[in-house]
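Reader: Hi, I'm new to this one and would like a quick tour. Can you put it up so we can talk it through?

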Amino acid sequence: VKIYPEAKEASTRSDEPGNVWGFSDSGFERTAAGHVTLQGTRYALAGKALPDLWPFFLEHVGETLGGELPKPETPAVTLPRVAHPELERRLGELLGDGNVSVDSAARVRCGHGHTLDEVHALRHGGLRRIPDVVASPQSEDEVVEVVRLARELGACLVPYGGGTNVTHALLCPENETRCIIALSTRRMNRVRWIDPENRLAEIEAGAVGRHIVETLGRYGLVLGHEPDSIEFSTLGGWIATNASGMKKNRYGNIEEIVVDLRAVGSDGVISHVSALPRESIGTDVRRLFFGSEGNFGIITSAVVRVAKKPAVQQYGSFVFPDFQTGVAFLKALSADQTLPASVRLVDNLQFRLGQALKPKPSAIGRQLRTLQKTWLTLVKRFDLEQISACTIVYEGDEAEVNAQRARVTDLALDTGGIDGGAENGERGYQLTFGIAYLRDFALRHGVLAESMETTVPWTKILDVTQAVRRRVIALHQELGLPGRAFISCRISQLYSSGVCIYFYLAIDGRDLPDPCGSYAKLEHEARRAILENGGALSHHHGIGQIRKDYLPQILSEAALSWRQRTKTALDPEGVFGVGNQGLRSTRRG
Ligand SMILES: Cc1cc2nc3c(=O)[nH]c(=O)nc-3n(C[C@H](O)[C@H](O)[C@H](O)COP(=O)(O)OP(=O)(O)OC[C@H]3O[C@@H](n4cnc5c(N)ncnc54)[C@H](O)[C@@H]3O)c2cc1C
């Protein structure tokens, strides 16, 4: 028997601030005493003094870092707007005037994602072209009509989900002379039905991750797709970027979770009659939408696999003498049958950042920390400047979790690790959401920071991580940039043949004439080091416009041509997208 959950109001997104990361009531600030704290009450870390965080910045980025920079005087930019009165009128008639906006704040929000340079551009008034109209349909029928109108009246469409991409996937081309409609999916946000017996649910594309969690949770179910952006990103965005969540070991990546989808292409609705466990039906055009980044049409809904909420969730952590030993542990673990829902390994620098994010301890807590440190260094002979740490989430029924924990602990200890306890494991995961706010805090102090990800086979992990580190530090020196290059990595997902690695790069950008340009050089060098040493262009963030120029390095000429010809055939007028992946239609040239 299907369940039909109550509809969600579109206004549930009203607590999101828009242009900087996160909820409007949360964010890092420095107190008068010089400590850093996370504002608000949403996160476990919130409200606690973090006395070691600022000294960590000074030590690892630049010792001359000072107070918050004054908010730049942004010139009153009048971004060009291609008005199209007839289109706007007819969109208003179709969707209701309240659901069509030419308001500049709404247009700005739909015209960027969350890369460093986009956030920097917002702060410094650097965006050049944004959508001209924001249209928010509520149903697939309305999407069909919006697409029809765009074709008839010579406009183009950019689907907007949660705006959390980090690939310039929403940046509008400066030379686009047509009216650009941002098609926001925010009103298509319902979990339409849940079928507990077949463990399926149909969800609209604009549903935000945290709302999906909450709705399914009411019925004792989970989706299991948990990207670090889950609070703000949408189902449609996940499919369009081929996303991956931290618990993919247990629940799969987005392409394994989605069993059916519906989308609107330039000539109508793409759909199948049923959502079956698996089919062999020749070329499956639904697959085109995974990683499509807005190029082929608007995903309107998907049928996804859901799972019973696990009876038990436990955390764990292990400390290893160095990153290499931690990797050996992951490798042994991946060869085993008992992969926990999530396993992460951080290098030494990120381990120390985690320590710096610990709240001020009580007197007893301080003594305990000293004791732990003494035990680690004097008894176990671990070097504090080498150790790495692994955090784990176990999910399942009690017997399953107990068996996994016992097996994982055996493997970790056999590889030379030490049990770091459940509390440190839980803290590691709690930091995930808090830490996303750190980039905006850093930027306000002139520090430019961003993450980038890749996937590599087991045999290349050390080559890639060492090459990235070496080459970023060398280029930082060569360019004569101030302070130190912060370059650190974390392994976040395991596969039988390799892992996904995140790199975190930060520099002191205060006195640089072109801070984002300098940062981009370092990032480019890191990406080159990844590709030259056998890593992927991206594991889950995608291509967008930021990485399109690398595609000829990883695809044959025929492969590139097939992609382009598919785009040209399916979207001859270039109605969809902003040229992500370098794909253009004939009309756009
Ligand atoms: C702090 C942070 C943490 C992150 N963590 C992760 C992570 O753990 N895993 C991960 O995979 N990614 C992560 N990301 C990247 C980002 O969240 C994902 O790429 C996400 O899938 C984007 O979804 P969105 O709804 O925000 O899409 P948007 O940013 O709105 O759009 C992304 C692209 O998809 C297209 N699109 C959106 N909706 C539709 C639709 N309905 N139909 C067709 N095309 C559409 C857009 O046109 C655009 O090309 C993170 C980003 C940040 C800033």
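Reader: Okay, got it. Which residues come nearest to the ligand?

Author: One thing up front: this is a predicted model. The residues that come nearest are P159, T164, S229, T234 and S244, out of 36 residues around the ligand.

Reader: Which part of the chain gives the most to that shell?

Author: That's helix α7, with 5 residues. Each of β5, α7 and β12 (298–305) supplies at least two residues of the shell.

Reader: And how many of the shell residues are nonpolar, polar or charged?

Author: The shell has 19 polar residues, 15 nonpolar ones and 2 charged ones.

Reader: What does the backbone of P159 do there?

Author: A polar backbone atom of P159 sits 2.5 Å from an oxygen atom of the ligand. G163 also has a polar backbone atom by a ligand oxygen, at 2.8 Å. With S244, a backbone N or O atom is 2.7 Å from a nitrogen atom of the ligand.

Reader: How much of the ligand does the protein cover?

Author: On its own the ligand has 970 Å² of accessible area, and the protein covers 95% of that.

Reader: Switching topic. How many salt bridges does the structure hold?

Author: There are 35 salt bridges in the structure. One of them joins the side chains of E29 and R444, with N to O at 3.5 Å. That pair links distant parts of the chain, 415 residues apart: E29 is in strand β1 (residues 28–30) and R444 is in helix α15 (residues 438–444).

Reader: Is R444 buried or exposed?

Author: R444 counts as buried because its relative accessibility is 17%, and the cut-off for buried is under 20%. Its partner E29 is at 31%, so E29 counts as partly exposed.

Reader: What about E140, which residue does its side chain meet?

Author: The side chain of E140 meets R262 in a salt bridge, 2.8 Å from N to O. E140 belongs to helix α5 (residues 140–152) and R262 to strand β10 (residues 258–265), so to speak distant parts of the chain, 122 residues apart. E140 is at 11% relative accessibility and counts as buried, while R262 is at 27% and counts as partly exposed.

Reader: Which residue does E226 pair with?

Author: E226 forms a salt bridge with K247, and their closest N and O atoms are 3.2 Å apart. Both are in loops, 21 residues apart: E226 is between β9 (221–222) and α7 (235–241), and K247 is between α7 and α8 (248–251). K247 has a relative accessible area of 6%, so K247 is buried.

Reader: Which residues are linked in a network of salt bridges?

Author: E86, R90, E145, R148 and E152 are linked that way.

Reader: New topic: backbone angles. What's the phi of H168?

Author: H168 has a positive phi of about 60°, although it isn't a glycine. That gets a mention because most residues other than glycine have a negative phi.

Reader: Where does H168 lie?

Author: H168 is in the loop between β5 (156–160) and β6 (180–184). At 11% relative accessibility, H168 counts as buried.

Reader: And what's the phi of N242 near?

Author: N242 has a phi near 60°, again a positive value in a residue other than glycine. N242 is in the loop between α7 and α8. Its relative accessibility is 29%, so N242 counts as partly exposed.

Terms used. Residues numbered from 1 in each chain as written. Predicted model: local features only at pLDDT ≥ 70, side-chain atom pairs only at ≥ 80, totals over all residues. Heavy atoms only, no water. Salt bridge = Lys/Arg side-chain N within 4 Å of Asp/Glu carboxyl O. Helix = DSSP H or I, 4+ residues; strand = E, 2+ residues; numbered from the N terminus. Buried < 20%, exposed > 50% of the residue type's maximum accessible area, 1.4 Å probe, protein only. Near = heavy atom within 4 Å. Polar contact = N/O pair within 3.5 Å; in protein donor to acceptor, adjacent residues only side chain to side chain. Areas by Shrake-Rupley, 256 points an atom, 1.4 Å probe, with all protein chains shown as cover. Nonpolar A, V, L, I, M, F, W, Y, C, P; charged D, E, K, R; others polar.
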